[in-house]
Amino acid sequence: MRIALFATCIVDAMYPATAKATVKILERLGHDVVFPEGQACCGQMHVNSGYLKEAVPVVANHVAAFDTADYDVAVAPSGSCVASVKHQHPMVARSCGDAALEARATAVGAKTYELSELLVDVLGVTDAGAQLGSYFPHRVTYHPSCHGMRLLRLGDRQSRLLRTVQGIDLADLPEADQCCGFGGTFSMKNADVSSAMLQDKAANVEATGAELCTGGDASCLMHIGGGLSRQGSSTTTLHLAEILASTMEEPASVTGEVRVSTGKALR
Amino acid sequence: MTTFLGMPALPAFGSGNLFAGESFPKAAHRELGNAQLRANLGHATHTIRDKRQAVVSELPDWEQLRDAGSAIKESVMARLPELLEEFEKNFTARGGVIHWARDAREANEIVAGLVRATGETEVVKVKSMATQEIGLNEYLEEQGIEAFETDLAELIVQLDHDKPSHILVPAIHKNRTEIRDIFLREMPGADPALTNDPPVLAMAAREHLRRKFLTAKVAVSGANFALADSGTLAVVESEGNGRMCLTLPETLITVMGIEKLLPTWQDLEVFMQLLPRSSTGERMNPYTSLWTGVTEGDGPQNVHLVLLDNGRSAALADEMGRSALHCIRCSACMNVCPVYERTGGHAYGSTYPGPIGAILSPLLTGIQAEENSSLPYASSLCGACYDACPVKINIPDILVHLRSVDVDSKRGTKKVPSQMDVGMKAASWALSSGKHLGLVEKGLPLGRLAAGRDKKIKKLPGIAGGWTQSRDIPAPPAQSFRDWWAKEHKSPAPSRDEKETQ
Ligand code: SF4
């Protein structure tokens, strides 16, 4: 299959390892990966902040980059960006009265998948250890992220994949379905409330005794990781694509002080 | 909608207790500082959330019920003028009197006039959001009429001279020791040996209220539903105080928003399943009172209904926002909202707090009302409210819509554009082409410099400083993905055309 990678702006600029891991996984499964070079961003920051007019060129650019490219399906390692492509792009096109753009945006949205959705529903991955060679001997906890959970209805696809990684010690995160408090510009406009939400999320992450908190959205992970770092915690964050891409021969590089898990729950 | 119920061509915005006194971030900052409040709220919302989840998951057709509730409400909004007329005809035919109120002031004047006509100076009240919205108690007090709240939580708030913090559990922000202290201080004749045991507190309130019920000649209520086909009003409650107010006095005055209508009795069935489960987490609420006009020799002999617009026509005129009027005030959205859970209701200023308040208040007053323009931003858009709402109001989408109305209404009005305006413009340029983004990414090494030796950025200027208030930013990587792909990705997949020619 020919798979177009939508790296998303934050992963492209700040977390290239996540995009590289996504490419690795797909190539390991024997697929061709293409990177439509005109791509930049899904525009959700603009839409969610109310700057619809400013979102139009961003959305138009995404649609142009993807509807001219040659691929079967597109994938992004981010639930919120996929939700934006699927739900917000047609709406933005409608808001500026561009019916043609709306139709093209809807078509691109229909071909765009979040990574776990693509792996489980389209590529039939049920056992990451066996099919991808995923090996990650660490105690990990998992934050599901709001948009993946509620807008895309990813259900347990991500945690199911994580559970099948060899050597992993997956700890349940208390109150996992609670928002981490990022919310794009919410974290700046309502910095106090956002910080209070983050504090609780960080405390729950710490309570699991995990070395790492993983998830499917780089922005939430940046937020949670940024809070943990400020609090001087040794727990860090890592995108689930990097855990899935990690193998015995090529282990994911993990920053921070990471203890190798015994495979048993740490108390 | 040019002539709507005799209202002016342009629907007027609402007045009364719909305005935040200060911006949400400012009010939230203050409320977040109250550790006791946060603990009380966290405990209460978690308890009720779990209860709701349990009773909702008992119903295999919950999703269909939500769809049905949403569809009925949508059809009500589509033919509201017609249904209101049908209701008026039936209500009047059964001996009730209808009064139309454009805004809070008109509604207050109507109620005060009706009470004055009875010669009474005291009224008992059933908990009502509509009368909170118009500030009826305060208005009546100015007119020399005392209003006694009879709902336990509402009574606590009233005795404490406080404002409700939640639409269903107005005293959610108080714990039982605080409540005992309020009773001892404010309740005439309270037993000095009162303990903070909930049944003891409930009994004290009951004794206090009994005296009022047995003497009151006038009651004021709200209504949860109005059935157009029979002219019937309904109140749903759990303590029985409502039932007392609705049956004992001679005069009953109900104040109700025009959106509360349901077409038929059959429709009520759907909502009687949705409402109690969503609000109190019960399968069924203990008391549901329905009354249709006047019955000679039984119950109130003078029955009035004040139909309140107060910005509802304006909200109805907003195509994207109008579904906010579907709200049945169950409070499920606030109980699951992470923002509400931490700030409480007072941070929202208006009578309507939480996610629904963040959209309903600005819809009723107009986003141009500066006091309410920060409300639609009081959400991380996590979507928990939309999932919980029994009538499926897409609160996150309406929040985003109102943000865009806010941004657009301010375009070109500012002498100096805000940091946000400038930032969004710049980001729009940077993110509207792969080339532009690639250029910006060339600046990433600068970020590495700013990060210093521990590879963390700890302080950013301007509005971005909100982020670094409690979070670090990792140093950017040496190379963007885009750059890596162009320079180092081993074998870029050839296009299909190239493949075919190979
Ligand atoms: S918006 Fe929905 S969940 Fe919130 S109070 Fe209204 S009906 Fe209940």
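1. Nonpolar cores. In this predicted model, the largest nonpolar core has 140 residues, and B:F183 and B:F225 are the members that touch the most others. A second core, separate from it, holds 60 residues. Among the members of this second core are A:L170, A:L228 and A:L238 from chain A, together with B:W485 from chain B. As background, nonpolar side chains in soluble globular proteins tend to be buried together.

2. Surroundings of B:F225. Neighbours within four places in sequence are set aside here. The contacts of B:F225 then include B:T232, B:L233, B:A234 and B:V236. Further along chain B, B:F225 is in contact with B:K260, B:L262, B:L268, B:F271, B:M272 and B:L275. B:I328 is also in contact with B:F225.

3. Chain B, overall. Chain B contains 24 helices and twelve strands. Its C-alpha atoms fill a box of roughly 95 × 55 × 55 Å along the principal axes. Of its 502 residues, 56% count as buried. Among contacts in chain B with a separation of 6 or more, 74% are between residues 24 or more positions apart.

4. Chain B, surface and charge. The accessible surface of chain B is about 21,500 Å², and carbon and sulfur atoms account for 54% of that area. Chain B carries 55 positive and 62 negative charges, and the mean positions of these two sets are 9 Å apart.

5. B:N310. This residue sits in the loop that runs between β10 (302-308) and α13 (312-316) of chain B. Its phi is near 45 degrees, a positive value in a residue other than glycine. Most residues other than glycine have a negative phi. Is B:N310 buried or exposed? It counts as buried because its relative accessibility is 0%, below the 20% cut-off.

6. B:K392. A positive phi is also found at B:K392, where the value is near 55 degrees and the residue is again not glycine. B:K392 belongs to the loop between α17 (384-388) and α18 (395-410) of chain B. With a relative accessibility of 28%, B:K392 counts as partly exposed, since that class lies between the 20% and 50% limits.

7. Chain A, overall. Chain A has 14 helices and eight strands. Its C-alpha trace spans about 60 × 45 × 30 Å along the principal axes. A compact globule of 267 residues would have a radius of gyration near 18 Å, so the 18 Å of chain A agrees with that expectation. Buried residues make up 63% of the chain. Of the contacts in chain A with a separation of 6 or more, residues 24 or more positions apart account for 79%.

8. Chain A, surface and charge. Chain A exposes about 9,000 Å², and 52% of this comes from carbon and sulfur atoms. There are 21 positive and 28 negative side chains in chain A, with the centres of the two sets 3 Å apart.

9. A:T18. This residue is in helix α2 (residues 16-28) of chain A. A:T18 has a relative accessible area of 1%, so it is buried. Which residues does A:T18 contact, leaving aside its neighbours within four places in sequence? They are A:V11, A:P77, A:H239, A:A241 and A:E242.

Terms used: Residues are numbered from 1 along each chain as its sequence is written. Chains are lettered from A and ligands numbered from 1 in the order in which they are written. This is a predicted model: local features need pLDDT of at least 70, side-chain atom pairs count only at pLDDT 80 or more; totals for chains, interfaces and linings use all residues. Side-chain values use heavy atoms; hydrogens and water are left out. Helices (H or I, at least four residues) and strands (E, at least two) are DSSP runs, numbered from the N terminus. The radius of gyration is taken over C-alpha atoms; the globule rule is 2.2 Å times the number of residues to the power 0.38. Buried means under 20% relative accessible area, exposed over 50%, partly exposed in between (1.4 Å probe, protein chains only). Contact means heavy atoms within 4.5 Å. Accessible areas come from the Shrake-Rupley method with a 1.4 Å probe; for residues, only the protein chains shown count as cover. Lys and Arg count as positive and Asp and Glu as negative; His and the chain ends are not counted. The place of a charge is taken as NZ of Lys, CZ of Arg, CG of Asp or CD of Glu. A nonpolar core is a set of buried Ala, Val, Leu, Ile, Met, Phe, Trp, Tyr and Cys residues joined through side-chain atoms within 4.5 Å.
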